[in-house]
Structure formats: structure tokens, C-alpha cells
Amino acid sequence: MKDFVLLNDKILPNDVKCYSCCTTMDLIALVTKDDQIVIHRFLTWQKLFTINHMTTIINDNNNINNNINNNNNNNNNNNNNNNNNNNNNNNNNNNNNNNNNNNNNNNNNNNNNNNNNNNNNNNNNSNSNNNDKGNNKSIVSIQWSPNGKMISIGCEDGSIFIYNIENAKLINKSHNHSHPVHKLLWIKEVSPQQQNKNASIKCNSNYVSPPLFLSQIKQNMNLFPSISYYFENSKEENIYLGGDIYDRPFDILISCDNIGVISLLAFGLFKIVTIDLLSLLKQKYSNTHFLIKPSKSLKILDITLTESLNKLSVMVETDNGLFLSVTIDTSILLEKRNEIHEISLQYFLLFQLQQSLDVHIKEITEKWKETQQQLSTKWVEFEKVLSDYGFSSSIEQELIDLLMCGVPSPPTNQFIVNNINIKKLKLTESNCNLIREILIKYILPSFLNIFHIITVLHNNSLENDRYKGLLDASTVKNILDYCGSFGMRLQSLETLICGIESHYTSFFSWLYKVQCTLNEIQPDRKLSLPFNELSIMSLLKKGLKFDLLFSPSLSSPSSPPNSSNNNSPTFSSTNYNNNNNNNNELNQSGNNSFSSINNNNNENIEFQYKDLKGNFHDLFKDFSSKIFDIFNEITTVLPSLFKFENVIPFCLYDKNDTLVSHKFNCSLISHPNDTVYLSIYTTLSNSNRLFICKREDKLNWSFTCYQLNEKYSILDCKFFNNSSLMALVSEDIIKTNQKKSTRKNTYLKQYQYNKTDDDNDDNNNSSVREYIKLDVNIPPSTILLDLLDTVFSNEIEESFKSREIILKSRISPITFELSTSRKISATFIGKRRVALYDLAEDEEDEEEEQEVGE
């Protein structure tokens, strides 16, 4: 009988550089050399789907480039519009200086062309930079979420991507590191009931059961439309609604880069802690060991966080050859776990609402851009007609003359009679109406939901005992005031859009009446609507090519009403009234824009943020970034509350000695009672041993070991469960006439390190380990390996289970990963062959099967 059952032995079509086994389902994720993530089933080896990570990167970069191009185009259009306005004003104010004005306009146009060229160059530079960044997003690590529904990947440039396994879509991307993320760990906390059973775990005196604050969050969410409502008509595919996040247990994604920076992300989305481990080690222990102070970087070999969130254990290697075991007290995570859980969910909800605003602002921008392009094309046709007739006047001046005198010039007559399709121009009104509908239906409810969340966070920040170090009351209050001011300006945007629609309605109705008069036809009653001449005059004075919605404000809120710079480029958004002609015109002396509300009738209104100015996009970008400043406190204060419990140098070697190669393999596992086990195998030991260390508290360490055959060496080892660990063991094959082995046998072995209640008393008693406690405190300057080599005997011991993987082979590397809940081992032989073993069952030999059959 063979130990373990071979489920599959497959040769893959492409090289695999990293892989991970799902913790809850029979799934394995393979990352190929071209950064494709391929998902297979264990048992049938059915290929479910492939996630093309580089395609995601390219699409993301294209979106960034498109946004840059759109912003530059908007800036260029605004510059051109401003020049046109200046031309019109110059022509109206001083017709005798036409030559000078023309020269100035030419200079302005040249400057605009230079600006456009500069913007294009900047775009090209941005494109090349983004492409360079895309090339650095190669995958170097991968990890499944505890529920098996998501998968996280760490990249070469320090970014982390999270994909949804159910639809292979990108959920979130973050950039928490500046160096490659070479290790990921995603853990789930134990339930509060299990925590309370352990007397050694400290419980928060203000502990609130999760269902209480979760139900409160859900109750608050019911006051507003559901998150799916905001995205029901969205074209965006990578929107993670995340309804399950409010029902699943609290979990933390731990990411480590190759210089020793550790980040903790709640639910894989919200960064709560960043630890620069090397800097902290130098601050605390540079004087206790001579190799810590000169070290420039360190690599994290393995890491674990106890399920109670109490202890963070890390095994590291410095760049000068020192291996350290580091234990950090993270009990603040347990003490504040409910508060952190609640804030994380509020962050996630804010993140979704901000995505909703992004989507609908983009939709408004596209609709308005389409409208502007249609109108601009028509006005260019008008300019061409004027040019063909040899007229030097502007289109606005021609239409003003027609409005005042009632008699069109020949080119104006030709344009209105032959080039105007009033039904197409009326589409501008319907687009304005659609923009207003998007604003009322989606944007304003999203903002009100955001404002409500920030209000809740502000109320929480006033509870100093519970939220101290997590929320800063003054910061939240400041942002709450900012949101109030922004909301008032957002509300004024609806009035602004109504004003734009009304002015265009008057203008197009007048044009239609003129067209019918010139063509001597009876007007259609549906198209012939009343119009306001003052409204039309205001529109023409502004300029038909002027962007009435997204143009930047030329005036500042502090400028006096009659100052020289108060030619506000937008409609009056506060004083608009359909029944008042005076309020229908563009107020040339007021500061009337989305960013600076006219206070002629609201002199008593004072805004907390009077400098809240700029065009629509600038204000929205500032708002989107500012609301997340609320969470800066938690990422700043929380790491400072972590404390080092101990740092133990395990072994060291001379890195300058290139003639000797050293092996060091380790694995960490935490038990529910905060006990941490550490397995270590190294060739630096005087004897060939697999050491197992048990840490029960700060000073209580105990040890055991397996003495290995001198031909054995451990390639990799990982804890399998609370009682055993798995190891890939290679056996040297040395012939009599050889001094060094050229071929090796490789085995998958299972070693017992702990006895649990589930173990059978009659089985494997010989494999249950007896731990020896060291009677001396281990000072930081002591090398632990030197002590352990003198404690244990040299009696060779075997594993209680073993299965050959490959015999007499030169293939390397050979690695493996475990799915502990599914009891599966995935062993990679080289880069293309994978063997899957069921660790819970044993395989019968063919002879035994035949005897059973007989």
C-alpha cells in the first residue's frame, strides 16, 4: 500500500512560475510565464477559465491615457473658446483696431498651438510611462481568499490585484508597496464565541457582537437605494458589488515585499497597517546583535497572524546572512476588531459610491461632449458660409444683428434656410434633460449616501474610548464641512443644467421661427415654442462655441462684482427663474458657476470652504480624494500601537563565502489558542535535523526535532494541520565511484509534531513529539541553533507517512503547495509537470486490489 492517493499527474502546455491551492474548493490557480491565471479543478483537471492579467493592465492604462487626453482636449477647447470670446469682445468694443486685434488673435492662436503640441508630447510621455509600468506588473505571488471566491496576486511593481473567481473580473487594485510583492497570506479570524472560550485572549470591555453593528450598517443602507441600483445601466464590467462582504467573517490580506515592508488589508481592500520591519528592527535591536544595524534589506520567508489577531509571527533573512524569528504583539487588532471591522465596511461602501459617481460623471461628460460636437459642427458650417461670402463678422454678431433688426444678411439667410435641421438641434435639449435625470437619479443619491456615512463616522469619532487612534474627530469634522459645501454646489448644478436647457430651447425656437418665416411655411406647433429674447442675447454674447457646463471659472469668489475679471463663463445657477426675464440672462457681473455661487440674493450664506472653486471635473476629483482622508488616522496610529515581543536570531552564515551553498526552509502555523509553531530545516546545523519550535507565550519556548538520514535534505516544508507537517525530501543517490550525487529521489513525507484530540491513541504514538523547554531566556544576541544542536540526540527517525514523487531524476526545482481543508498536495516537478495527491487517503497496490477481488 502506498501512502497518499495520486489524483492527477499532468504535463502542462506552458511554464508555471507560481501557483496556489484553494482553501475551500477543489481548485488550483496556475500563473504562466506570460501572466495568465489558469483555474483548474483538482479531481477532473477541468479547465474552468483563464484570467489574462496583462490585458487588464493594458485596458487600465488605456483608460488612464483616455482620461489624460480628454482633460487636455477640454483644456485646449477652453483656450480656443476664450480666444473666440476675446475676439468677439474686441470686435464689439473697438472696431477701429481690427488690425491690432487680428495680430493679437494670431498670437493667441500660435500660443494655443504650442500648448496643444506640449500637451500631445506630455500625452506621449504618459503613454510610454504607463507602458513601462505595465511591463513591471508581472505576477510574482498568488493567494486565495479564505472563502475561495476571490484570488489576490502580487506584482513586480508592488501592486496588488484582486479578481473575482465567479466571473473572472477585476475587483480591486492597490499599490501599497514600492518593491515586488513576493508573499501573500489571507487569513480569517475565528468567531467571537471561539475567542471567548480562550482565557488567554484579552477581550475588549466595549466589545459589541458583530451582528449588532452589522445590522446597524444594513439598516442605514436601507435608507438609500441599493448599490446595484447605481450600476443597473452601467457599461462598466469590473464593478464589484460585494454584497457578501457584510455577511462574511472579518478577514485580513497580508502582503510582504522583498525589502521587509508588510501591509495588512481588511477584506483585501482597505489598508489598515503598514510595517517597515527593517526600520523597526534597527530602532529596537540594532545594539543587541552586530548584524542587524548594517543590514540594508531583509526578505520575509514566512509569516502568520494568529486567528485571534493577537500575534504576528515572521521569519526573516537579512541581506548579510542573519535568520531571525520576530514576534509582534498585535493585540490592538483584537481589542479594536469591531471598530476596525465597522470602519472597513464603511470604507468599502464609500469606495463603491465613489465608483458610482465616477461612472455617472463619465456618462454625463460623454453626453455633453456629444452635444458640444454636434453644435460645434453646425457653427463651423456657418463660419464657412460667412467666409465664402467674404464676411469678417462672427456668427454671434450676425445672429445678434438678426435678432435686433429682424433682417438677415445673405450668408445668414442661406445658412438658416439650407443648413438648419431644427429636429437635430433639439437633441441638445433632450441631452440636457438626460444629464439632469442622471444627476437626480444617481449622482445626488450617491452623494447623500456618502454624506450620511461621513456623518456616522463623525459621530463615531466623538466616542474617544472606542475610536481613539482610528478616527480623528477634527479631521472628520473638517471633511464633513467640506462635503456640505460641495453638496450645495452639486445641488446648484441641477439648476445650472435647467438654465442651459432653457436658454437653448429659446434659441432653437427662435431659429425655427426665423427659418419658417424665410421659407414662408407654417410652423409646426410642437416645434414652435415661446422664446425669450434676453436669454438668446445672453447666449450669443457668451459665444456659441463656449462650453457652458464644464468650462473653468475665470472669476474667484473673492473678486468684487464689478471687477475686470468677472466675465463668468457659465450660466447663473442660483438666480435662474423661468418666469423672470431678468434672471434668465447670463449675469456678466456675478460669479455664477458651479464652483462659485452668486450670492447677490444670499449675502448671509457663508461657506466653510470659500476656496472650493474650479471646473466641474476639478471639484469632483478633489472631492473623491478628500473623503478618503478620513482613514489616514487608522493607517498612521495603528502601526505605532504594535509592540515587539521578542526577536530571536536563529542562525547566520557568511554570505561572502560563495563556495558553499546553504539551505534554509521554514514554515509557520498558528493555533487557535495563540500557540505558534515554527519548523526549520537548514544545512547550517551541525547535524541533519528538522527542528520544530513551539511558542506558547513571550518567554515560553519549547523544541523538538527529527534527526534525518544523512542522505536526506528537505527541499520545502509546510504545516499541514494542527498535528502534522508535510515536507518534500530529496535523497542523494551516490554510486561507489562517485563523490557527489548527480541524481536524486524525491519523496513527499508527513511528520507528526503535535497530538490532538482527533488522533487515535493506538496509531502513530511513536510519531508524537516530546518538546523540551529551554531553561534559559534566549537573549537577542544568542544564536538559537547553537543551543539546539547540543540538546537533542542523533537517533535517526522516520516520518510516519511517505510517498515517492520522482526517482533517479535531475529535474529541479521541485516545489509543492497544500490545500489544508481539502487535504490536497499539489507538487510541481520542474515548471510544467504537476502531481496532485489526496493526503487523507492511501492508495492500494495492484496486488492488494487483485487479492481483494479474488
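These exercises work through a predicted model of one protein chain.

**Exercise 1. The chain as a whole**

Task: State how many helices and strands the protein chain has, and what share of its residues counts as buried.

Solution.
- Start with the elements. The protein chain holds 19 helices and 29 strands.
- Turn to burial. The chain has 854 residues, and 52% of them count as buried.
- Add the contacts. Take pairs at least 6 apart in sequence: 65% of these contacts join residues at least 24 apart.

**Exercise 2. Helix lengths**

Task: Compare the end-to-end spans of α8 and α14 with the spans expected at 1.5 Å a residue.

Solution.
- Take α8. It has 52 residues, and 76 Å is expected. From first C-alpha to last, α8 reaches 75 Å, close to that value.
- Look past the end of α8. G390 follows, with a positive phi near 80°.
- Take α14. Its 47 residues should span 69 Å. The end C-alpha atoms of α14 are 69 Å apart, so the two values agree.
- Look past the end of α14. E520 comes just after it and takes a positive phi of about 55°.

**Exercise 3. One side of a helix**

Task: Find the buried residues of α10, decide whether they lie on the same side, and say what they pack against.

Solution.
- List them. In α10, residues 410-418, the buried residues are P411, T412, F415 and I416.
- Check the arc. These residues cover only 125° around the axis, which puts them on the same side of α10.
- Recall the geometry. An α-helix has 3.6 residues a turn, so residues three or four places apart point the same way.
- Name the partners. The buried residues of α10 pack against α8 (337-388), α9 (395-405) and α14 (473-519).

**Exercise 4. The nonpolar cores**

Task: Identify the residues with the most contacts inside the largest nonpolar core, and the element that gives this core its largest share.

Solution.
- Size the core. The largest nonpolar core has 162 residues. I272 and F507 have the most contacts inside it.
- Assign the share. α14 contributes 19 residues, the largest share of this core.
- Find a second core. It is separate, has 19 residues, and includes C18, I39, C155 and F161.
- Inspect I272. Beyond residues up to four places away in sequence, I272 touches I252, L264, A266, L333, I340, S344, I634, T635 and L638.

**Exercise 5. Cysteines without a bond**

Task: Count the disulfides, and explain why C651 does not form one with C666.

Solution.
- Set the cut-off. Two cysteine sulfur atoms must lie within 2.5 Å.
- Apply it. The count comes to zero disulfides.
- Test C651. Its closest cysteine sulfur is in C666, 9.6 Å away, and therefore too far for a bond.
- Check the surroundings. C651 is buried, at 1% relative accessibility. C516 is buried too, at 3%.

**Exercise 6. An open sheet**

Task: Give the strand order of the five-stranded open sheet and name its edge strands.

Solution.
- Write the order. It is β18-β19-β20-β21-β25, with antiparallel pairing.
- Find the edges. β18 (664-670) and β25 (772-773) each pair on one side only.
- Examine one pair. β21 (residues 701-707) and β25 are antiparallel, over two bridges.
- Locate a facing pair. S702 stands opposite K773 in β25.

**Exercise 7. Strand β28 and its neighbours**

Task: Describe the burial of β28 and its pairing with β27 and β29.

Solution.
- Count the buried residues. In β28 (residues 824-829), six of six are buried.
- Split the faces. I824, A826 and F828 point one way, while S825, T827 and I829 point the other way.
- Pair with β27. Six bridges join β27 (residues 814-819) to β28, antiparallel. S819 stands opposite I824.
- Read that hairpin. Four residues lie between β27 and β28, and K823 takes a positive phi near 55°.
- Pair with β29. Six bridges again, antiparallel, to residues 833-838. S825 stands opposite Y837.
- Read the next hairpin. Three residues lie between β28 and β29, and G830 in the turn has a positive phi of about 75°.

**Exercise 8. A residue in β27**

Task: State whether S819 is buried or exposed, and which residues it contacts.

Solution.
- Place it. S819 is found in β27.
- Apply the cut-off. Buried means under 20% relative accessible area. S819 is at 1%, so it is buried.
- List the contacts. Leaving aside neighbours within four places in sequence, S819 contacts C21, C22, T23, F42 and I824.
- Compare separations. S819 and M25 are 794 residues apart along the chain, yet their C-alpha atoms are separated by 8.8 Å.

Notes
Residues numbered from 1 in each chain as written. Predicted model: local features only at pLDDT ≥ 70, side-chain atom pairs only at ≥ 80, totals over all residues. Heavy atoms only, no water. Buried < 20%, exposed > 50% of the residue type's maximum accessible area, 1.4 Å probe, protein only. Arc of directions from axis to C-beta. Contact = heavy atoms within 4.5 Å. Pairing = 2+ DSSP bridges. Expected span 1.5 Å × (residues − 1). Core = buried A, V, L, I, M, F, W, Y, C linked by side-chain atoms within 4.5 Å.
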